[in-house]
There are 2 protein chains.
Amino acid sequence: METYVIYMPLVLALVGLIYMTLKKSWVMKQEAGDGTMKEIADHIYKGALAFLKAEYRLLTIFVVIVSVLLAIVSFIVPTTHWLIVVAFIFGAVFSAYAGNIGMKIATKTNVRTTQAARTSLPKALKISFGGGTVMGLGVAGLAVLGLTAFFIFFYWYFMGSSWEAADYDGVLKTPTELMTVVLETLAGFSLGAESIALFARVGGGIYTKAADVGADLVGKVEAGIPEDDPRNPATIADNVGDNVGDVAGMGADLFGSYVATVLAAMVLGNYVIRDVTSFNVEEVGSTSFGFMDNFGGIGPVLLPIAIAGVGIIISIIGTMLVKIKSNSAKESQVMGALNVGNWTSIVLVAIACYGLCMWMLPEYMEMKFFGEDGSGYLKVSSLNVFFASLVGLVVGAVISSVTEFYTGLGKKPTLKIVQQSSTGAGTNIIAGLATGMISTFPSVILFAGAIWASYAFAGFYGVALAASAMMATTAMQLAIDAFGPIADNAGGIAEMSEQDPIVRERTDILDSVGNTTAATGKGFAIASAALTSLALFAAYVTFTGIDGINIFKAPVLAMLFVGGMVPVVFSALAMNAVGKAAMQMVQEVRRQFKDIPGIMEGTGKPEYDKCVDISTKASLKEMMLPGLLTIGFPLLIAFLPMAFGMNNLDIAEMLGGYMAGVTVSGVLWAIFQNNAGGAWDNAKKSFEAGVEINGKMTYKGSDAHKAAVTGDTVGDPFKDTSGPSMNILIKLTCLIGLVVAPILGGHAAHNLTASTPQSIIEVSTANAEQMIEVDVKKNIDETTGTVTALVTTKSKINGAIVTKTQEFFGSEQEVEEKIEALNI
Amino acid sequence: METYVIYMPLVLALVGLIYMTLKKSWVMKQEAGDGTMKEIADHIYKGALAFLKAEYRLLTIFVVIVSVLLAIVSFIVPTTHWLIVVAFIFGAVFSAYAGNIGMKIATKTNVRTTQAARTSLPKALKISFGGGTVMGLGVAGLAVLGLTAFFIFFYWYFMGSSWEAADYDGVLKTPTELMTVVLETLAGFSLGAESIALFARVGGGIYTKAADVGADLVGKVEAGIPEDDPRNPATIADNVGDNVGDVAGMGADLFGSYVATVLAAMVLGNYVIRDVTSFNVEEVGSTSFGFMDNFGGIGPVLLPIAIAGVGIIISIIGTMLVKIKSNSAKESQVMGALNVGNWTSIVLVAIACYGLCMWMLPEYMEMKFFGEDGSGYLKVSSLNVFFASLVGLVVGAVISSVTEFYTGLGKKPTLKIVQQSSTGAGTNIIAGLATGMISTFPSVILFAGAIWASYAFAGFYGVALAASAMMATTAMQLAIDAFGPIADNAGGIAEMSEQDPIVRERTDILDSVGNTTAATGKGFAIASAALTSLALFAAYVTFTGIDGINIFKAPVLAMLFVGGMVPVVFSALAMNAVGKAAMQMVQEVRRQFKDIPGIMEGTGKPEYDKCVDISTKASLKEMMLPGLLTIGFPLLIAFLPMAFGMNNLDIAEMLGGYMAGVTVSGVLWAIFQNNAGGAWDNAKKSFEAGVEINGKMTYKGSDAHKAAVTGDTVGDPFKDTSGPSMNILIKLTCLIGLVVAPILGGHAAHNLTASTPQSIIEVSTANAEQMIEVDVKKNIDETTGTVTALVTTKSKINGAIVTKTQEFFGSEQEVEEKIEALNI
């Protein structure tokens, strides 16, 4: 029995965290520069801490409120256990802590990168990427550690760490039912993590753009001083913003995706076990239940965390391969180094998936394809499951190429925007919008193909495993992602501390590569969010026990519409939030320019912290409304009709329609906004090196360039605020659905009962020595005419008094017959 | 027996057309001005004819190709009758002819309005609105005439004008099955009409903006001459464009909606009859089938056309009420006059709906709510059906207010965009985008509420009747809509022919009201398209015989994604098309300015027709790709998997998912683009009268105004090309689905058989005097295990030889038992 496998991901996560600590101390030991450099870096570090502190204060309030609500729900609803509150708090704390590690290391690494860039480009890359690695491993390590630890604990707490039927709250439950309780409680951890992501990604997105726009509008445009000029009071806030948005935001986003994906795959794995059990009972005639594997019978449930655990080690290997040798390396070589690391880890994950699928799954599993008509089982081989995971890896890789094509410097779409800039801002905007819109074509075809293929290979378990495999390299992806803003900051520090131009040149090479990885990273993040949401959606349907989501029911169709609208309104709110926050920043900067004597001459000191403060407060305040929209709508849909006495299953279907609407529309708007924003940004950057328009070389300062700058202004909130926020919106929506599912799925038990081997019930009835009390409750569904009966018996079994509730479901006559057959 | 009712809509349509002819000759008798005025009007008229001619040439090719394809399909697929080809051709011709009437009268009325404005504002309104009335009645009259005539013909042809079971192609079919054939064939008329709308709306949208942008870019910006200056070679094309886009495009759009809505309501009415029949057989024990009403048993089928017919007369009454008295009336009085007419007709339609529902429907109908679980019937009263129709009227009215709020001059959203213009084009664009995005909130909540409420009142039949009631005032809506571009043109002619300023002032009052009605008209058009699509969607599901559309099946979910993406890509293609066509226009105008001597001095004559030609050709060429996308995608989804041997019902569900995706996303993008565009337009216009920004009055020519002009440039293709095109996209997609449905729904017959009164079969078996031949074909569905058996018998009944095919459906044993029970 290889049941030790359950501890493997825990160990691997710890290995990752240890490696992270070593890497961190190595980075911290590097020279941190001197004088102004140090001072500026210190300002950024303190600004970042100020944001974190304010964020944590708000988070604490939020976590307390949600915890209390969850606790109340868990006391009212018997299917929800109070431990979900504990899991929720830990999920939030772990995610926040991961963000903390990331922010701190990023704001410590930046100045060290600048310092290294004074002498060596390879060393600058090594340090900046080292900082990214710390961030990546912190996120992945904590995610796997928390998830696995809670799973092991709940598996012990609810199931005694064994796959056997047991009494739970006085009711005999099958192992599948018990595992459902385990995973439902574990969903609290995921909900906690994703809540933090809401604050970090949406709040962070508003922060970074408010600071950026505010700094530019007054600094560059009104006062005519260059970017990153230390005389600009908002410049520190701007640099802090890069870390808040791109480091903490992205980290929390992927932390959430990572946890949610693995969770959803585990939920679906549990139903794979149920299906195989039912198959054995119904078709083979077996009276035993469960799964005869070497992993305590829970191989399909363990597989996703095993992949996640192994992914951490693979990511460490991947990060080790990222290095360059030549001090005169160009962008392409730096990009090449990152690619070597990235591709190696993807290939290694593919190999690991193959090994793990072959090892942990039986050769064939009989699956009922969810939502399919009829009662047929399909034989799915472990090789098919592996193929499904490959689909995820391919999507992760291809989506990055698609993103790069639509947003990359020198590619056709960007060049087209450049051309259209010559006829003014209007045509530039139209071209950018059109580029973002058209880019949804290959992306959606890719997603649709991935859903189809991974489902064809292994049902929704396949879809969830595709997501898991894709997310296995999260640590590596984050290392690449976080490296970008570090290099950006390093350049800013070089500028502000007036270093030798060669220093800025070197950091610019890193920064330029960082811009590309930022765009592809956003592609990865949205792909992960999309697949995660689909997996959560599938888990939701199975949790509630509904047969499917039929959009031919008008209320479901209406909710599909409403769901489709929410991402659009959310995006608008996020964009407006940037505008409002930026206006406050503009006023503060104007005030300082006027009130502080000698500020323009460099003799007066700008009050950086006031700007940091404004950005912090405004961003956290402005994220309230979109946050409320995200959380409030699904709750409203779930509980408002409930208050009007609507059938729970109908509500579950409506909520499912809403979730689908949010996901489909959210993915579209994420791709549209991210790619339009990225393309505008690079169209503007194209003018720095000069571009040919109608046969004439055009540079910065030209009218076409000015038009491109306008496009970039529109693109900034698109790509850094509203676009990436979509990820959180769709995941959080589906997670809230998952947490609400047990409340709606009062009928979920039927679904399980239907596949509960009859033998279990029979065996326990046979053991009854003396019946003490029998209670029969019947309930008739008026629309369908089906009867649900709850038969509770108190009996003496082997000397002990056991209370047992059995459920029967069917037409009135059928139920009567079943109860009679009990002989009680 | 009040069976004459079937002819009533025909008569009412003819009354409408006669009134139209009278109105037309009255308009034509008005003074057409003199000299330059006449000359310019002549250019516009000829330009419009040139566009129509080119469009018809292309249309003919298109209609021939589609007819041949349809003919081939109808020969291969037994469920499709070749008469669908005839219906298709007539649908196309009728819609094209309605467009022709509209374009001709609009381009004749414009100059007459200018002439009238020289002396009297009331007369100018009377003439311009008279032109609009001709257009509105032409569209509505021809739509109802064509639809009713074909219905009467098919009802006679396939059913002998009576609701009885009959042999069809050697198969005994129930009346419901026969009526399905009637309506499937009638769908050809709707498909023809909507195809024309694709050309008129999308092609027209590209035309109008290409001409507009081209004229502005070179004329206003480069040459510095005012709008509508006769020296600008593109100015005629620009004025033609207003008619092509706003008159012909809108007319074809609403013609299509009108026909499709009534058709869908008829399809669903047929299933209401089926449900009542099944109820009578199953629950009451009746052996008769059909519907005991006074309308030949087809009251629910006739009701939608009756409402449409009465709507024509009501619209005539409404148009008569539109008048002002004072020559010094302001915008508000003109708007008030339109409102009186509009609201009166809405109230009258409500009253008419009440009367018709009470008269034509039985007091109670037992409906099976489609897609609902269980087999319960719900008693729906005729009053409920009336309430459902009220829902549609409310939606039509409220959506206009919503649109007006988000796009209206002096309203909060527009003022906000004006404020944001002060910080540049970037912030103006962001504010406009955000306004469009946020406006989806109330609109979608309204739609979702309407779907829910009308469904709750009377199932999907209620949804379709809501749409029908809303569309009943189509003639009135179109009169209001078409009046706008006529007034706009009248102003253009006044400017070009250098009239007294008072003339332009008077036409400006009309034009300004026209701008408001243009925005609200777009709201009405999208609301009608949305409800029409939903009704078509419901009709599609019942046609194919699937139980519903379960998005928890991965292929269906994948298609929901793909469907959601199509409107986004379509919009991008349409926007790019405008850009390309405008560039050609720019080059032509530049060439003329250079090559034609004395053109700027007014001594050389610009070659207007060349510009008209470019706009015409470019628009028709550029609409190919989006058109192909619209038509190609659903066909690909239907036939590609079929080629791979996929189950037809699974394909039907996938296609349904696609249709839902297109509809939800299309409605969102339509609202977003229309309202953003409208808001930008009016933000720009606000500067004409002057606006207060940060306490300072700001006018035309200011930097803020320039920023607003940029916003308007982006908004133009949004509101006039891509936004309105969404209507066609979603309707055409659902219509193609409906036409494809019989091909997919090989199983549709089961659905019907299930509710075929057993008595019919029994009676006919009892009559058999001698059995000549028996042929039994069985088919087992491998996934569900259900058996379909076709029992074909040749027997002598009453001396004649009758071939009869009966279908049985169920488990193998059930089917065997049923066949045995036949005693053959």
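Let's start inside chain A, where helix H5 (residues 175-223) packs against helix H16 (residues 608-622) at an angle of about 135°, with the two axes 8 Å apart. Helices here are DSSP runs of H or I with at least four residues, strands are E runs of at least two, and both are numbered from the N terminus. The axes are lines fitted to C-alpha atoms, for helices over the stretch in contact, and angles run from 0 to 180 degrees between N-to-C directions. H5(A) and H16(A) are therefore oblique to each other; angles under 35 degrees count as roughly parallel, over 145 as roughly antiparallel, 65 to 115 as roughly perpendicular and the rest as oblique.

A word on the model itself: it is predicted, so local features need pLDDT of at least 70 and side-chain atom pairs count only at pLDDT 80 or more, while totals for chains, interfaces and linings use all residues. Residues are numbered from 1 along each chain as its sequence is written, and chains are lettered from A and ligands numbered from 1 in the order in which they are written.

Back at the helix pair, H5(A) passes H16(A) in a right-handed crossing (the near helix is turned clockwise from the far one by less than a right angle; anticlockwise would be left-handed). Gly203(A), Ile206(A), Tyr207(A), Ala210(A) and Ala211(A) of H5(A) meet a set of H16(A) residues that includes Ser615(A), Ala618(A) and Glu622(A), where contact means C-beta atoms, placed from the backbone, within 7 Å. This contact divides into six nonpolar, four polar and one charged residues. Ala, Val, Leu, Ile, Met, Phe, Trp, Tyr, Cys and Pro count as nonpolar, Asp, Glu, Lys and Arg as charged, and the others, Gly among them, as polar.

Another pair in chain A is helix H4 (residues 121-159) with helix H14 (residues 501-544), packed at about 45° with axes 10 Å apart. That angle makes H4(A) oblique to H14(A), and their crossing is right-handed. Here Leu121(A), Ala124(A), Leu125(A) and Ser128(A) from H4(A) meet Arg506(A), Thr507(A), Ile509(A) and Leu510(A) from H14(A).

Stepping back, chain A has 22 helices and nine strands. Of its 824 residues, 64% count as buried, that is, with 20 or more other C-beta atoms, placed from the backbone, within 10 Å of their own (12 or fewer is exposed, and in between is partly exposed). Among chain A contacts between residues at least 6 apart in sequence, 84% join residues at least 24 apart.

Over in chain B, helix H7 (residues 299-320) and helix H8 (residues 331-360) pack at about 150°, with axes 9 Å apart. H7(B) and H8(B) are therefore roughly antiparallel, and their crossing is right-handed. The contact of H7(B) with H8(B) has 13 nonpolar, nine polar and no charged residues.

Also in chain B, Gly396(B) lies in helix H9 (residues 382-407). Gly396(B) is buried, with 26 other C-beta atoms within 10 Å. Not counting residues up to four places away in sequence, Gly396(B) touches Met470(B), Phe524(B) and Ala527(B).

Finally, the two chains meet through 63 residues from chain A and 63 residues from chain B. On the chain A side, H15(A) gives the most, with 16 residues.
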